[in-house]
Amino acid sequence: MAQLYFAFMARQLRIEYPGAIYHVTVRSNSRQDLFENDMDRKYLLSCIGEAVDIYQTRLYLFCLMSNHFHLVVETPRGNLNGFMHGVLTGYSVYFNKVHNRHGHVTQGRYGARLVSGDEYLLKLSRYVHLNPVKIKIPALADKSQSYKAEYLRAYRWSSYPAYIGKGMRNKFVDYNPILSLMGCSQKTMPERYMVFVEGG
């Protein structure tokens, strides 16, 4: 009976295999802000970029919000845990040191859902990139759709502006897998993707 109890209480193992694609979500501890300023956001992105190089992963997209962030990442070496450990440990050590804090910065384990199929991947990319205008932000509550679209295109802490040609591309993001799903010429991919995302 005790053996069954401990088996039930044990953490569920992550499914990891070469070439797996995941939707990763990380939330702050106790719903506090995950970032106190833009330097924090820049440092997290540097941690992600460094981990992409070290663990040879392919980051498709990202979106940083006030108390959580999203990543869509492929692991050719089947090493999601290593990649995320590198990202979260690096950021937590930095955050606690700079802000004179102690303890956990993020809430428990990160979430990781396997992504299967091009259609799901494309819809997921739209969901992640729409986060800045989909969550309840008082400043956007009474704004028009065109205002929200402009806000989304200018949102600095997402890979979306670079996808649609409105921002500089990050070296650690692989834009091709998503854009290639647009089924059009390379020149028109950004505009087609913008229409797809903002139509959602």
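In which helix does Leu 152 lie? Leu 152 belongs to helix α6, and this residue is one of several positions picked out below from a model that is predicted. The protein holds 9 helices and 4 strands, and its radius of gyration of 18 Å is close to the 16 Å that the globule rule gives for 200 residues, so the protein is as compact as a globular protein of that length. The points below begin with the overall architecture and then turn to aromatic pairs and to single residues.

**Overall architecture**

- Followed along the sequence, the helices and strands of the protein come in the order α-β-α-β-β-α-β-α-α-α-α-α-α.
- Taken along the principal axes, the box that the C-alpha atoms of the protein fill is roughly 60 × 40 × 35 Å.
- Of the contacts in the protein with a separation of 6 or more, 70% are accounted for by residues that stand 24 or more positions apart.

**Burial, surface and charge**

- Among the 200 residues of the protein, 43% are buried.
- The area that the protein exposes comes to about 11800 Å², and carbon and sulfur atoms supply 52% of this area.
- The protein carries 25 positive and 15 negative side chains, and the centres of these two sets lie 3 Å apart.

**Aromatic pairs and a cluster**

- The count of aromatic pairs comes to 10, and one of them is formed by Tyr 91 and Tyr 94, whose rings are 5.8 Å apart centre to centre with 40 degrees between the planes, which makes the pair tilted.
- Tyr 91 and Tyr 94 are 3 residues apart in helix α3 (residues 80–98), so about one helical turn separates them, and both Tyr 91 and Tyr 94 are buried.
- Tyr 151 and Tyr 155 form another tilted aromatic pair, with 6.0 Å from centre to centre and 45 degrees between the planes.
- Within this second pair, Tyr 151 counts as partly exposed because its relative accessibility is 30%, whereas Tyr 155 is buried, with a relative accessible area of 13%.
- One aromatic cluster brings together Phe 35, Tyr 43, Tyr 91, Tyr 94 and Phe 95.

**Leu 152 in helix α6**

- Leu 152 has a relative accessible area of 2% and is therefore buried, the cut-off for this class being under 20%.
- Leaving aside neighbours within four places in sequence, Leu 152 is in contact with His 129, Leu 130, Pro 132, Val 133, Tyr 160, Pro 161, Val 197 and Glu 198.
- Lys 123 and Leu 152 are 29 residues apart in sequence, and their C-alpha atoms are 17 Å apart in space.

**Ser 159 between α6 and α7**

- The loop between α6 (145–154) and α7 (160–163) is where Ser 159 is found, and Ser 159 is buried, with a relative accessible area of 0%.
- When neighbours within four places in sequence are left aside, the residues in contact with Ser 159 are Leu 61, Phe 62, His 129 and Tyr 175.

**Leu 114 in strand β4**

- Strand β4 (residues 111–114) contains Leu 114, which counts as partly exposed at 34% relative accessibility.
- Not counting residues up to four places away in sequence, Leu 114 touches Ile 15, Tyr 17, Ala 20, Ile 21, Tyr 22 and Tyr 120.
- Between Leu 114 and Val 195 there are 26 Å in space, C-alpha to C-alpha, and these two residues are 81 residues apart in sequence.

**Loop residues with a positive phi**

- Most residues other than glycine have a negative phi.
- Gln 56 has a positive phi of about 55 degrees although it is not a glycine, and its place is in the loop between α2 (38–55) and β2 (58–64).
- With a relative accessibility of 41%, Gln 56 counts as partly exposed.
- Asn 100, which is not a glycine either, has a positive phi of about 55 degrees and is placed in the loop between α3 and β4.
- Asn 100 counts as exposed because its relative accessibility is 64%, the cut-off for this class being over 50%.

Note on methods
Residues are numbered from 1 along each chain as its sequence is written. This is a predicted model: local features need pLDDT of at least 70, side-chain atom pairs count only at pLDDT 80 or more; totals for chains, interfaces and linings use all residues. Side-chain values use heavy atoms; hydrogens and water are left out. Helices (H or I, at least four residues) and strands (E, at least two) are DSSP runs, numbered from the N terminus. The radius of gyration is taken over C-alpha atoms; the globule rule is 2.2 Å times the number of residues to the power 0.38. Buried means under 20% relative accessible area, exposed over 50%, partly exposed in between (1.4 Å probe, protein chains only). Contact means heavy atoms within 4.5 Å. Accessible areas come from the Shrake-Rupley method with a 1.4 Å probe; for residues, only the protein chains shown count as cover. Lys and Arg count as positive and Asp and Glu as negative; His and the chain ends are not counted. The place of a charge is taken as NZ of Lys, CZ of Arg, CG of Asp or CD of Glu. Rings of Phe, Tyr and Trp (its six-membered ring) pair if their centres lie within 6.5 Å; planes under 30 degrees apart count as stacked, over 60 as edge-to-face and the rest as tilted.
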